[in-house]
Amino acid sequence: MKQQYSISSISVFFLFLHYTNTFAQSPAAAPAQAPAVVVAQPPAATPTQTAAPHGITNVTKILEKAGHFTIFIRLLRSTQEENHLFSALNDSSSGVTIFAPTDSAFSELKSGTLNTLSDGDKSELVKFHVVPTFLSTSQFQTVSNPLGTWAGTGSRLPLNVTSYPNSVNITTGLTNTSLSGTVYTDNQLAIYKIEKVLLPKDIFASKAPAPAPVMFTRNNVVGLVGIVAVAIFAL
């Protein structure tokens, strides 16, 4: 009986060792991993397409680049018509046409002419060179005369154009000239070079002197009475 008990005890002991070794050799179970959290990415920002501001054409810059318009540029600035042009090109849909006299054109004026003009006359002179609509060279064939300018219209401000196959003639009643070239043109602004300053009658037309008043003196009266007396006796 004791022998059976010993055998049984030994068997239990070996089984214990077997299971102990088995568990020791088994790899440890990996800890459970938490499910991956997927973070939603915000949609890529779409860049806002801002319309580029409308580029306003700078008339004086164009004339400066072209050269030979120093005096006209000075008049545009001193009369503030440069700002007027900027506003017109920004706000108007009809455009602007400018007849730009060269420095040589101003040199043909009588010496000191511009210095004798008032600020108002200088402004009117500049405005007389600006037509408040865009005119291409081909459109001069169909325009109605007289052309209206920023200076106004009427018999004191006539500006007439005549288109020929190879030229465009401009007359004011005091000035007769032709377009000598295109300085700049797009669909809103046209600048044409001219070799004479357009002189408006309103400023430069010579006014007829008023008749001198009749001065009656004693001798004049006596002489007049004598003439009348002779005429009566002759009858």
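The legends below accompany six close-up views of a predicted model.

**View 1. The open sheet contains six strands.** Let us start with the overall strand order. Reading across the sheet, the strands come as S2-S1-S6-S5-S4-S3, and their pairing is mixed. S2, which covers 130-131, and S3 stand at the edges with a single partner strand each, so one side of each has no neighbour in the sheet.

**View 2. Strands S3 and S4 form an antiparallel pair.** S3 takes in residues 160-164 and S4 takes in residues 167-171, with five bridges joining the two. A hairpin of two residues makes the connection from S3 to S4. To find your way around here, look for Tyr-164, which has Ser-167 of S4 opposite to it.

**View 3. Strands S4 and S5 meet at a hairpin with four residues between the strands.** The pairing of S4 with S5 is antiparallel and rests on three bridges. Across from Thr-171 you will find Asn-176, a residue of S5. Do check the backbone of Gly-173 while you are in this hairpin: its phi is positive, near 95 degrees.

Which residues does Thr-175 touch, not counting residues up to four places away in sequence? Thr-175 belongs to the loop between S4 and S5, and its contacts of this kind are Ile-170, Lys-196, Val-197, Leu-198 and Leu-199.

**View 4. Thr-175 is a buried loop residue, and its side chain has polar atoms close to backbone atoms of Val-197 and Leu-199.** The relative accessible area of Thr-175 is 6%, and the cut-off for buried is under 20%, which is why Thr-175 counts as buried. A polar atom of the Thr-175 side chain lies 3.1 Å from the backbone oxygen of Val-197. On the Leu-199 side, the backbone nitrogen is 3.1 Å from a polar atom of this side chain. A little further along the chain is Lys-201: 26 residues separate Thr-175 from Lys-201 in sequence, while their C-alpha atoms are 9.6 Å apart in space.

**View 5. Strands S5 and S6 pair in the antiparallel sense, with Gln-188 in the loop between them.** Five bridges link S5 (residues 176-185) with S6 (residues 189-194). The hairpin that joins S5 to S6 has three residues. Within the pair, Leu-179 has Ile-194 of S6 as its bridge partner.

Is Gln-188 buried or exposed? Gln-188 is buried, because its relative accessible area of 16% falls under the 20% limit. Its side chain reaches the backbone oxygen of Leu-89 at 2.5 Å. Leu-89 falls within helix H4, which spans residues 81-91. Helix H4 lies across S1 (96-101), S2 and S6, and runs at about 150 degrees to S1.

**View 6. Helix H3 has buried residues on one side and exposed residues on the other.** H3 covers residues 70-78, and its buried residues include Phe-72, Ile-73, Leu-75 and Leu-76. These four span an arc of only 160 degrees around the axis, which means that they sit on the same side of H3. Turn to the other side of H3 and you meet Arg-74 and Ser-78, both exposed. Among the elements that cover the buried residues of H3 are helix H2 (59-66), H4, S1, helix H5 (103-107) and helix H6 (119-127). After H3 comes Gln-80, with a positive phi near 70 degrees.

Key
Residues are numbered from 1 along each chain as its sequence is written. This is a predicted model: local features need pLDDT of at least 70, side-chain atom pairs count only at pLDDT 80 or more; totals for chains, interfaces and linings use all residues. Side-chain values use heavy atoms; hydrogens and water are left out. Two strands pair if DSSP finds at least two bridges between them. Contact means heavy atoms within 4.5 Å. Axes are lines fitted to C-alpha atoms, for helices over the stretch in contact, and angles run from 0 to 180 degrees between N-to-C directions. Buried means under 20% relative accessible area, exposed over 50%, partly exposed in between (1.4 Å probe, protein chains only). A polar contact is a pair of N or O atoms within 3.5 Å; within protein, one must be able to donate a hydrogen and the other to accept it, and residues adjacent in sequence count only if both atoms are side-chain atoms. The arc is that of the directions from the helix axis to the C-beta atoms.
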